[in-house]
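This report describes side-chain packing, surface character and charge pairing, in running text with one small table.

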Amino acid sequence: MGFQTIAIARGKDKEMVKKLGAIHYIDSQWQNAVEELAKMGGAKVILGTVPSNKTMGAVLGGLGVNGKLVD
């Protein structure tokens, strides 16, 4: 589909997602995910895979113009 996959998780051990195809990894334990997504132009799609609304709410500001949240 032409997207660049950016994985967001907590901890250095999750950086292995790059081996699974993610182009970028944001460690939300040490980085502000919203700021990092904004630096990249904002997310066109955020695909939520976490069970916590609070956690998902924390990254919504990283959506770009006309971005979509899929949970």
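A salt bridge is counted here where a side-chain nitrogen of Lys or Arg lies within 4 Å of a carboxyl oxygen of Asp or Glu. In this predicted model, the count by that rule comes to 2 salt bridges, and the pairs are set out below.

| Acidic residue | Basic residue | N to O distance |
|---|---|---|
| Glu15 | Lys18 | 3.9 Å |
| Glu36 | Lys39 | 3.1 Å |

In the pair formed by Glu15 and Lys18, Glu15 is partly exposed at a relative accessible area of 32%, and Lys18 is likewise partly exposed, at 42%. As for the pair of Glu36 and Lys39, these residues stand 3 apart in helix H1 and are therefore separated by about one helical turn; Glu36 is buried, with a relative accessible area of 17%, whereas Lys39 is exposed at 63%.

Turning to the interior, the largest nonpolar core comprises 7 residues, namely Ile26, Ala33, Leu37, Ala43, Ile46, Met56 and Val59. At least two residues of this core come from helix H1 (33-39), and at least two from strand S3 (43-47). Ala33, leaving aside residues up to four places away in sequence, touches Ile8, Ile26 and Val59.

On the surface, Met1, Phe3, Val45, Leu47 and Val70 make a nonpolar patch of about 580 Å². Phe3, in the segment before strand S1 (6-9), is partly exposed, with a relative accessible area of 46%.

A backbone feature remains to be noted: Asn66, in strand S4 (residues 63-70), is a residue other than glycine with a positive phi, near 60°, and its relative accessibility of 70% makes it exposed.

Terms used: Residues are numbered from 1 along each chain as its sequence is written. This is a predicted model: local features need pLDDT of at least 70, side-chain atom pairs count only at pLDDT 80 or more; totals for chains, interfaces and linings use all residues. Side-chain values use heavy atoms; hydrogens and water are left out. A nonpolar core is a set of buried Ala, Val, Leu, Ile, Met, Phe, Trp, Tyr and Cys residues joined through side-chain atoms within 4.5 Å. Buried means under 20% relative accessible area, exposed over 50%, partly exposed in between (1.4 Å probe, protein chains only). Helices (H or I, at least four residues) and strands (E, at least two) are DSSP runs, numbered from the N terminus. Contact means heavy atoms within 4.5 Å. Patches are made of residues with over 30% relative accessible area and no salt bridge: like charges are joined within 9 Å, nonpolar side chains (Val, Leu, Ile, Met, Phe, Trp, Tyr) within 5 Å. Accessible areas come from the Shrake-Rupley method with a 1.4 Å probe; for residues, only the protein chains shown count as cover.
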